[in-house]
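Got a minute to go through some labels and ask what backs them up? Let's take them one at a time.

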Amino acid sequence: MSARNYDVVITVDNAAGFVSQNVLIGNTSAASGVIANVDTTLNTLKVKLSNTFSDFSNLEVVHSNVISVLGSANGALEGSRPFQSNIYSGNTTTAIATVQSIAPSGFIAEKNAFTQNPIVRLYELYYPGEWFPRNNQGNPTNAGEGRAWPNEFPIRFADIRGDLISDLNYNVTHQGDSYIPFPVNISSIDQSSDGKINELTLTMFNLDNIVSRLIEDPFLVGNNTSNACQAIVNGELVHGIDPRTINASPSDFGSAGVEGFDVLTRARANGLAYSETIQSAYGQANASFGRTQALSVKGNWIEEKADTRDLLGGVVTIKTTFANFLDVWPEYSSVRYVTSNVVEVYNAMPYRVGDNVKSSKGTVEGTIESIEENRFLFLSNPLNANTAIGDSIFIINQQADPESYVEDTFKIDNLESLNNEVAQFGLISWLQYFRNQTPSRKFYKNTCQWVYKGSECQYPGPGGIAIPGTSLTSNANPIAANNQTAASASGDICGKSLQACQIRNNSIHFGGFPATGRTIPKQ
């Protein structure tokens, strides 16, 4: 299911107090939407409309609310837990302003333009799929919460379409993430008359066996329980990190500094190498422990999935945008020689006078004042001092709009083929995947399907103990399977009926469906 990240750009008289992901409501039009981005400098709000038939109006007063709900409708669906629809519980107004102007999203304007910039499709492959969706820091949620993604995940690659120039190098950076330009093809999305979305085929070029190396590895997911430490990944403290890839200062560990650096110190004492330049060995800083790395230091490797070959169940997100919305322009050349504010590049074709450029080694920008011999760039000021031969010179995109995209989410259903040239995956839509998965339990009227005292049942046992999620306490006595008081704790056996739950004051966690008319079939 495709969805734009935002629909309109609303300029207000004062954007202070507005917060991303809050609700925006028009006092006159009664239009509503979700704020995707706030720019307090330009006083603009990028808003995803909740109803395309209701539009905000110029000069009307709008206010932003935080909506409070009870339920699990916005959370990840888990096969073992019942679905609870959200129930409105209240809201709080955080900001009020007056609309000055309204404009369509950059994506809509570009899509409807007579001349379009190249279309860019950004692919991200997340594995394991149970760890998706990612949190606001880009780290795993659900079963992987508190962890970093396994090494080499998420895989990010991009496909640029519609550009006639193909002999120059490309750099694709979006929302601060770099994507590898990659030949990719995906079949079209069709929907049958019964609402079922067809299975798609994703074809990836298997350059240098990048894909097959992962597909053929059965040990992608696990943890080194004896040598791993904690580190900051994407601004968040996570565990399961290989100490040899730590790229942090002690202050980065915060309240966990003692534990994290104790483990790191022990690892160094055991002879593990430490380097501030990890990219050459691991490809990333603060990398997760992999099985090969764990065994190399005689670590205790615990597998968390029986077999990870074929990447089945992985999640593929596809963002469709345009080249003029990327962080930097995709075309670039490399440094052949540099001195002060003069940079010689191999080919000046991508550059124009007036472009702002920066080196891949830093953030200092310089404006191109003149170009000589199609290779010398004369800049307004020198770039970063460590800019060297071979570094890329990127063009800063003045039109960059990281929120202008359409996103689709899919699950890997099967590996259709793999050879030295390409890998083909069968994908089903995220919505269709959950349609296939739910309901994962039978609708029995008076039979609880939870494991007694398990994570879903949550019954703490006899003795007047507090029951999670309620203000109640458990029955003081052990209860036998016939719902009578048992002689001892060993006789505390659940009869799996609604009455059994009610006697224990735990009916809120009952795992059956009392409103249905279906009872468990007799054997």
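Q: Why is Cys494 called buried in this predicted model?
A: Its relative accessible area is 15%. Buried means under 20%, so Cys494 gets the label.

Q: What makes Cys501 count as buried?
A: Same test: Cys501 comes out at 7% relative accessibility, and the limit is under 20%, so it counts as buried.

Q: How do you know that Cys494 is in no disulfide?
A: Look at the sulfurs. The nearest cysteine sulfur to that of Cys494 belongs to Cys501, and it's 5.8 Å away. A disulfide needs the two sulfur atoms within 2.5 Å, so this pair doesn't qualify.

Q: And why is Cys501 in no disulfide?
A: For Cys501 the nearest cysteine sulfur is that of Cys448, at 5.3 Å. The cut-off is within 2.5 Å, so that pair is out too.

Q: How many disulfides does the structure hold?
A: Zero.

Q: Why is Asn223 called buried?
A: Asn223 has 12% relative accessibility, and buried means under 20%, so the label fits. Asn223 sits in strand 15 (residues 222-224). Setting aside neighbours within four places in sequence, its contacts include Arg147, His239, Trp301 and Glu304.

Q: Which residues touch the most other members of the largest nonpolar core?
A: Of its 30 residues, they're Tyr123, Phe153, Leu202, Leu311, Val316, Phe425 and Leu427. Elements giving two or more residues to this core include strand 8 (119-126), helix 2 (210-215) and strand 27 (422-429).

Q: What is Phe153 in contact with, leaving aside neighbours within four places in sequence?
A: Leu125, Tyr127, Leu214, Leu220 and Leu311.

Methods. Residues are numbered from 1 along each chain as its sequence is written. This is a predicted model: local features need pLDDT of at least 70, side-chain atom pairs count only at pLDDT 80 or more; totals for chains, interfaces and linings use all residues. Side-chain values use heavy atoms; hydrogens and water are left out. A nonpolar core is a set of buried Ala, Val, Leu, Ile, Met, Phe, Trp, Tyr and Cys residues joined through side-chain atoms within 4.5 Å. Buried means under 20% relative accessible area, exposed over 50%, partly exposed in between (1.4 Å probe, protein chains only). Helices (H or I, at least four residues) and strands (E, at least two) are DSSP runs, numbered from the N terminus. Contact means heavy atoms within 4.5 Å.
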